[in-house]
Amino acid sequence: MTSYIIRRLLSMIPVLIGITLITFILINVVPGDPVVNMMGKRVDAQTIANIRHQLGLDRPLYIQYFDFLFKAVRGDLGRSFYNHQDVMKTILQRFPATVKLSLTSMIVAIIIGLTVGIVSSVKQYTFFDHSSMIVALMGISAPVFWVAIILQLIFGLKLKWFPISGYSGPEYMVLPAIALGTRFAATIARMSRSSMLEVIRQDYIRTARAKGLSERVVIYKHALKNAMIPVITIIGLQVGGLLTGSILTETVFGIPGLGRLSIEAINNRDFPVIQGTVLFTALVFVFTNLIVDISYSFLDPRIRYDGGEG
Amino acid sequence: MLVYKKLLASVLVMLVVVSLVGCGGGQKTQQGQGQSQSQPADTKHGGTLQDALGQDPPGLDVQQNSMLETYYLGRLLFSTLVRYKGGTTDLEPELLAEMPTVSSDGLTYHFKLKPDLKFSDGTPLTSKDVKFTFERMLKPETKAINQWVFEPIKGAKDMEDGKATELAGFKIINDQEFEITLEAPYAPFVQNLAVPCASIYPADATQKAGEEWTLNPIGSGPYKIAEWVHDDHITLERNTNYFEKDLPYIDKIQMKIIPDEATMTMEFENGNIDILAIPDSEYPRLASDPNFSKMIVENTPLNTYFYVMNENVKYFQDVRVRKAIAMAIDKDKILKELLNNRGTVAKGLLGPGIPGYNENNPGFPYDPEQAKKLLAEAGYPNGFEVENWQAKNETFYKRNVAIQAMLKQIGIDMKINQMDSASWRQSRNNGQVPIYLANWWADIPDPDNYMYNILHSSQSPGWSINYKNPKVDELIEKARVSTDMNERIKMYQEAEKIAVYDDVSIIPLFHVKEYYIVQPYVKDVQFHPTGIGSYNYKTMWLEKK
């Protein structure tokens with residue numbers, strides 16, 4: 001196990017270097033100079049040159065990159081070009097909001113999606129099945145910002161049940177979580193329904209029914225476990241998407257998260273913040289994957305990472 | 001069983017991450033502790049104003065950026081030597097005891113500060129702080145972008161080039177008095193001192209704060225920062241050391257950061273925001289609502305929207321083509337249908353409120369037939385294809401689409417290319433944008449701010465206009481050093497006639513008005529005259545506390 005973890009940790013190094021290098025090349029290739037962007041309409045070549053020098057942007061690109069890399073290894077992601085705030089500190093301030101939003105929406109989506117999917121499959125071709133699948137199709141098709149505005153209008157402006165925007169307490173997370181989780185819930189509902197329908201037609205389910213087991217035991221003990229395999233795969237794939245896909249939700253609901261920070265940094269060409277947020281997100285992904293993989297072996301004794309596996 | 005364990009493992013990992021990140025420090029920037037405010041007997045005093053900003057200010061150092069949000073807060077946190085009187089464009093002393101006197105040659109200004117001025121931390125504000133502020137702006141290491149306000153001062157260029165560490169044209173007489181000598185006479189110099197970026201900083205506190213200054217500045221304005229939760233809200237509280245006795249009236253200002261315009265409007269409708277600049281997309285709905293229409297307040301800021309045709313593009317090198325485009329655009333129609341008549345048609349670069357504005361300018365009447373003839377004369381009877389580049393912006397896109405349809409009528413096929421704002425700005429500043437919708441919001445109510453910054457040959461390439469007329473340059477250069485306002489106005493009007501009507505270097509389109517929606521309990525709202533979206537908070541008061 002130890003050698004597996006060491007191997008995985010070592011394999012992260014080229015991945016992270018590759019990500020920082022690609023990001024660095026992209027931000028320098030894409031048109032849009034950070035200093036020109038700061039200057040607005042006033043064009044003064046001398047001032048632009050002075051500021052570029054102060055920010056170190058007049059150095060050769062490879063020096064800029066290695067400077068960033070060596071500092072990043074020591075945990076120093078530099079300071080924002082705009083507000084001079086320490087980038088690492090800023091990221092750590094914004095990350096909790098994004099994680100809370102992603103996690104809440106994931107929980108909402110799993111609860112709603114699984115329940116609707118299972119009930120629909122058990123009650124196939126009933127009114128509930130048809131109507132819930134139409135709603136799920138709408139959920140998948142509806143853009144996040146549209147769902148967000150509709151929720152704000154109904155539950156915020158008209159009914160006044162929840163706050164329209166902000167980030168001050170649990171009640172502020174309800175509408176954003178539903179908005180972000182709707183599409184996710186719809187995907188889970190459709191996937192779990194089709195997966196369940198496939199499984200309950202299998203011979204072993206027929207055998208279970210023939211043995212005289214109650215329908216409840218057949219569905220929840222025998223069918224559901226096997227039907228969940230593709231659903232779990234979808235959930236696993238969506239977790240990353242939720243972490244980074246909260247940009248629109250954070251913008252509409254005014255949540256100070258990592259998504260908003262990175263999109264504002266890209267718009268402003270705030271290079272240190274762009275590099276920092278990309279590197280940080282990449283780190284979260286690779287570490288999350290590693291921890292999930294390691295956790296499997298603790299939870300299921302059949303999984304072993306020794307003997308060259310991995 | 002394995003699938004459940006995988007699910008359980010994923011959720012556990014997420015929970016661990018949440019708990020770990022939850023241990024990170026809070027995101028509050030605090031300054032000082034909330035002081036107990038003495039409540040004067042006057043009924044105007046007290047209460048908290050709920051305001052909103054579209055984005056978190058990129059910093060509060062007004063020398064280092066000129067974003068609207070920074071300027072907006074700059075007027076609340078800092079003071080300038082002079083300011084606008086109420087909502088007018090007339091100047092009056094702010095930190096000064098009286099308006100500065102100027103020598104007969106227009107070169108030397110004498111200033112006297114009000115006695116007993118203090119910054120919000122209680123330290124005195126003296127001539128030394130003013131000198132420090134001016135020099136800080138001009139030092140390259142400050143990374144300032146607003147040097148233009150102090151550039152007319154003698155020795156400013158040497159400081160910017162790193163050849164001097166002191167400003168030669170600034171002489172301290174005593175704690176309250178100082179003299180400024182200019183390199184050459186520059187008529188709008190005192191106007192420059194009213195721009196928020198010319199706010200006065202405390203020398204010691206600024207140096208002590210270093211890079212953190214932009215996050216936690218100290219000023220002598222009516223308010224000071226109580227709390228700043230980045231991207232969430234900024235809370236300001238009364239500066240008890242403010243030099244105007246008993247002002248401001250409102251105790252606290254809570255500014256929520258809400259990037260989405262629709263969300264911001266809903267928050268107003270729910271009563272969670274007290275005053276709001278109405279987003280374009282929301283205006284028709286609010287204006288037609290019997291309740292909200294009564295709360296709408298109009299402001300006429302100083303701006304001009306115009307069309308730029310890059311003279312480096314082959315087609316636009318012929319003045320007949322430029323004039324044809326000017327005549328093909330129906331400005332009245334755009335104003336009526338896209339702006340809901342929120343503005344006036346522009347007939348020159350200078351708009352109402354700017355000295356030199358000529359209401360007798362003829363404008364470019366809408367005449368597509370004449371436009372077609374001009375195009376044919378120029379050798380393009382079947383028109384041509386051209387690309388309009390714009391930064392992504394729905395309002396501008398709609399206006400460009402309308403103009404696209406109008407140009408199609410005379411055979412010009414204008415494609416619209418939407419870019420992200422940073423890329424677009426760079427292209428514009430490099431003089432590469434072929435044709436686009438531009439605008440200028442005045443920094444100061446002086447014709448030089450428009451004419452020099454847009455039409456002088458040293459500036460027009462940065463706008464992708466690439467216009468160069470030595471006669472126009474000469475008139476603008478002479479006008480900016482003249483101290484005779486009547487003579488200046490004549491020169492600017494002549495330059496405008498040549499540049500806009502003879503050469504059609506730009507096409508004036510319209511001057512837009514701003515509309516705010518204000519809750520009925522917010523009283524005496526007064527707007528900044530140049531249109532930096534700021535209100536005069538000192539005079540505002542709340543009926544409902």
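This is a short tour of a predicted model, one selection at a time.

Residues are numbered from 1 along each chain as its sequence is written, while chains get letters from A and ligands get numbers from 1, in the order in which they are written. Because the model is predicted, local features need pLDDT of at least 70 and side-chain atom pairs count only at pLDDT 80 or more, while totals for chains, interfaces and linings use all residues.

**Stop 1: strand β10 of chain B**

Select residues 233-238 of chain B, which make up strand β10. Strands here are DSSP runs of E with at least two residues, helices are runs of H or I with at least four, and both are numbered from the N terminus. Five of the six residues in β10(B) are buried, so the strand is largely enclosed by the rest of the structure. Buried means that 20 or more other C-beta atoms lie within 10 Å of a residue's own; 12 or fewer makes it exposed, anything in between partly exposed, and the C-beta atoms are placed from the backbone.

Now add β9(B), residues 223-229, which pairs with β10(B) in the antiparallel sense over six bridges. To count as a pair, two strands need at least two bridges found by DSSP. Look for K224(B) opposite E237(B). Three residues sit between the strands of this hairpin, and D231(B) there has a positive phi near 65°.

Then add β11(B), residues 252-257: this strand and β10(B) are antiparallel too, over five bridges. Here T235(B) stands opposite Q254(B).

In the loop between β10 and β11 of chain B, click on P248(B). The peptide bond from L247(B) to P248(B) is cis, with omega near -5°. For background, most peptide bonds are trans, and most residues other than glycine have a negative phi.

**Stop 2: two positive phi values**

Which loop holds V504(B)? Look between α16 (485-502) and β19 (506-512) of chain B. V504(B) isn't a glycine, yet its phi is positive, about 45°. With 22 C-beta neighbours inside 10 Å, V504(B) counts as buried.

Next, jump to D524(B), in the loop between β21 (522-523) and β22 (541-542) of chain B. D524(B) also has a positive phi, near 55°. Is D524(B) buried or exposed? It has 12 C-beta neighbours inside 10 Å, so D524(B) counts as exposed.

**Stop 3: where the chains' helices meet**

Show α7 of chain A (144-158) and α7 of chain B (261-269), which pack at an angle of about 5° with axes 11 Å apart. The axes are lines fitted to C-alpha atoms, for helices over the stretch in contact, and angles run from 0 to 180 degrees between N-to-C directions. The two helices are therefore roughly parallel to each other; that label covers angles under 35 degrees, with over 145 roughly antiparallel, 65 to 115 roughly perpendicular and the rest oblique.

Which residues of α7(A) meet α7(B)? They are I149(A), Q152(A), G156(A) and L157(A), and their partners are A262(B), T263(B), M266(B) and E269(B). Contact means that C-beta atoms, placed from the backbone, lie within 7 Å.

**Stop 4: a loop in chain A**

Finish at A142(A), in the loop between α6 (127-141) and α7 of chain A. A142(A) is partly exposed, with 16 other C-beta atoms within 10 Å. Leaving out residues up to four places away in sequence, A142(A) touches V147(A) and T182(A). Try a distance to R79(A): from C-alpha to C-alpha, A142(A) and R79(A) are 38 Å apart in space, and 63 residues apart in sequence.

Technical notes:
Two residues are in contact if their C-beta atoms, placed from the backbone, lie within 7 Å.
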